[in-house]
Structures are given as structure tokens and as C-alpha cells.
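The following exercises concern a predicted model. Each task is followed by a solution in steps.

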Protein chains: 2
Amino acid sequence: MSFTPHTLDPNLDIELDREVDVAPELVWKAWTTPDLLKQWFAPKPFETPHCEIDLRPGGVFRTVMRSPEGTEFDGAGCYLEVVPNERLVWTSALAPGYRPQSGEMVFTAIIELRPNGSGGTRYRAVAMHQTPEDNKKHTDMGFVEGWGAALDQLVALVKAL
Amino acid sequence: MSFTPHTLDPNLDIELDREVDVAPELVWKAWTTPDLLKQWFAPKPFETPHCEIDLRPGGVFRTVMRSPEGTEFDGAGCYLEVVPNERLVWTSALAPGYRPQSGEMVFTAIIELRPNGSGGTRYRAVAMHQTPEDNKKHTDMGFVEGWGAALDQLVALVKAL
């Protein structure tokens, strides 16, 4: 098992690459179970009041995030690859059922997991963009910090299961 | 085995649904072998001088079509589903490797094949669009007639193999 072979483009892609001390199976469960995902997905003080998951290529991945001020961010994309405990790919460029859709800062996300040899997980998250502008906007929004903080929340959650 | 369960939207989707008297395996071969595809894909007098196929989800599907006047139309999308002899899905909304891309009249295509019970194939091709405008443009370009004429070329080609 190996990570995505294609080389990332630093002008178009953002990457978070970390090790966490929980097993891949638990990370996978947290990413693919709506009632769990709602508890960790948004970095606090944001919340995720709603999540829909149809875990198959073409199936919906929808999250509604809510800011402390009550603004909601509702986004639905679709899964492209589902390899349990190893690899999850989805995109906001396609609506559920693969219908093309446009939007602000469209991206494709790849989550890759593998055992780190000591019971934990090597965790890699990649966001691929169409343009350097989208990539910069996502970076400036704090992708790495935000997904990192959310990952810390995920780890704390699954340890308490 | 059944066809796509989701209902098509007549404002957004175009469909070609026909029976042809060659087996699904031959139709599949013609759709997935570059040297064959180049011989039937463009309705004459258009030609397809170039084709690239990496037959896996995320892999490239690129065709270059050429008009009788010599204008070339070069498009590369990526495959989403590859089920041999049954179902082929690709989109122009994603570049190879799933990177989002935009363009004129972006669409997702679904080709579905099944045995028709008498040695031939029930053949269904669907093009899904984001907007009614894209759908109308594709319709007015002659999607049904063009894909139908190309299918006739495909059938004649594989019968001669």
C-alpha cells in the first residue's frame, strides 16, 4: 500500500501530513460516520450541525458548518473513491451522482491513511485546486491549521469512544 | 445488473438509448481501446486523430477531434467508474487525477451496456450537465444524432474485426 503516486503541485495543492496515535480504522470511522463527523469536523468554535454521507463513488458528502455568529456553510459534493481504512476521495466539482457543479473555491480532497508501525496512523490530507488563486484563498483561510485542529478533535473523540 | 437508478432530469440531461446487434464485450472494447476509438468516435466527416486512455478511476480520457476544415477540439477529462462490459463513467469537470477544471459545456457521461437477450446490446449513453443552457447547447450541437452516428460507426467497425 502506498500513497498517491502523482506529485503534488505546490501552486495548486495543499497538504497536511501528520502522524496520530490512533489506528487507521478509527480515523476512517470518524470520517465516514455522520454522528461522529459532526463532533470533530469543524475546528472549534465552528460547529457541524448536519452531515450526510452515502459512502460510495457518486454518493453524497454534505456538511453544514456553522460559525459562532450563526452563519451556515452548506456544501455537498460527491465521493470518488472509497477504500475502507485507506483512502477517501471526494470533490466539490461534482454534485451527488457526478453532475458537474461550480462554486467558490472548488477542490478535490484526498484523505490517505496507513498504519505507522506503532499502532497509530500516518495521516495525509490533500486539497487539489484548479487555479493558484483558489489554492491561495484556501491556504489563507487556514486550511492546514483548520484541518490540523479538526484532526486533533477527531483523535480526542475516537480515543473517548 | 441494472441501469443507473437515478432519474434523469430532462432539463439537464441528454440520453441516447438504443439496441445494437453486437455483444457488450465488443462495444466495451471499442470504447476503451485507443486504436479502435479513433476509428469510430467522431461522426464523419470529423476525425479523431488522437486518443489517450488510462482505464481506471482518475485516469485520463483524452480525445482530439478534427473538423473537415482542420480545426481541432482537444479535451481531456477523467474516468470515474470503470466496470468492464457494463458501465463507463467520465467527466470533463475533472482533469486526470481528479483536479477540478472548467471549460465550455462541462458534462459527465455515462455509458451503460447490457446483453439484450439475443446476442446484442442495449446501449445507453447519458450526458449530464450543470445548467439548462449547457444542456441546450449540447442538444443543439446534435448530441443525439452525433452520438448515434458514431455508434453506427462503432458497430460497423467491431463487426469487421
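**Exercise 1.** Determine whether Lys159(B) is buried or exposed, and identify the salt bridge in which its side chain takes part.

*Solution.* Step 1: the relative accessible area of Lys159(B) is 51%. The cut-off for an exposed residue is over 50%, so Lys159(B) is exposed. Step 2: the side chain of Lys159(B) meets that of Asp21(B) in a salt bridge, at 3.0 Å from N to O. Step 3: Asp21(B) belongs to the loop between S1 and helix H1 (24-32) of chain B, while Lys159(B) belongs to helix H4 (residues 143-159) of chain B; the pair therefore ties together parts that are 138 residues apart in sequence. Step 4: Asp21(B), at 52% relative accessibility, also counts as exposed.

**Exercise 2.** Describe the salt bridge between Lys38(B) and Asp35(B) and state where both residues lie.

*Solution.* Step 1: the N to O distance between the two side chains, Lys38(B) and Asp35(B), is 3.7 Å. The cut-off for a salt bridge is within 4 Å. Step 2: both Lys38(B) and Asp35(B) lie in helix H2 (residues 34-40) of chain B, three residues apart, which is about one turn of the helix. Step 3: Lys38(B) has 31% relative accessibility and counts as partly exposed, whereas Asp35(B), at 53%, counts as exposed.

**Exercise 3.** Assign Glu72(B) and Arg66(B) to accessibility classes and give the distance of their salt bridge.

*Solution.* Step 1: the closest N and O atoms of Glu72(B) and Arg66(B) are 3.0 Å apart. Step 2: Glu72(B) is partly exposed at 45% relative accessible area, and Arg66(B) is partly exposed at 31%. Step 3: elsewhere, salt bridges with shared partners join Glu15(A), Glu81(A), Arg87(A), Glu112(A) and Arg124(A) into one network. Over all chains, the count of salt bridges comes to 32.

**Exercise 4.** Establish how chain A is related to chain B, and through which surface the copies meet.

*Solution.* Step 1: chain A is superposed on chain B by a rotation of 180° with 0.0 Å of shift along the axis, at an RMSD of 0.0 Å. That is the relation of a two-fold axis. Step 2: 100% of the interface residues of chain A are interface residues in chain B as well, so the copies meet through the same surface. Step 3: each side is counted, with 24 residues from chain A and 24 residues from chain B. Step 4: about 1700 Å² is buried between chain A and chain B, 58% of it from carbon and sulfur atoms. In chain A, the residues that lose the most area to chain B are Tyr98(A), Arg99(A) and Pro100(A), together 37% of what that side buries.

**Exercise 5.** Characterise the environment of Asp13(B), including its salt bridge to chain A.

*Solution.* Step 1: Asp13(B) is located in strand S1 (residues 13-20) of chain B. Its relative accessibility is 8%, and Asp13(B) therefore counts as buried. Step 2: the side chain of Asp13(B) meets that of Arg99(A) in a salt bridge, 2.8 Å from N to O. The interface of chain A and chain B holds two salt bridges by the rule. Step 3: a polar atom of the Asp13(B) side chain lies 2.6 Å from the backbone nitrogen of Asp9(B). Step 4: leaving out residues up to four places away in sequence, Asp13(B) touches residues including Leu8(B), Ala127(B) and Asn135(B).

Technical notes:
Residues numbered from 1 in each chain as written. Chains lettered and ligands numbered in written order. Predicted model: local features only at pLDDT ≥ 70, side-chain atom pairs only at ≥ 80, totals over all residues. Heavy atoms only, no water. Least-squares fit on C-alpha atoms with pLDDT ≥ 70 in both. Contact = heavy atoms within 4.5 Å. Buried area = accessible area lost by both parts, 1.4 Å probe. Helix = DSSP H or I, 4+ residues; strand = E, 2+ residues; numbered from the N terminus. Buried < 20%, exposed > 50% of the residue type's maximum accessible area, 1.4 Å probe, protein only. Polar contact = N/O pair within 3.5 Å; in protein donor to acceptor, adjacent residues only side chain to side chain.
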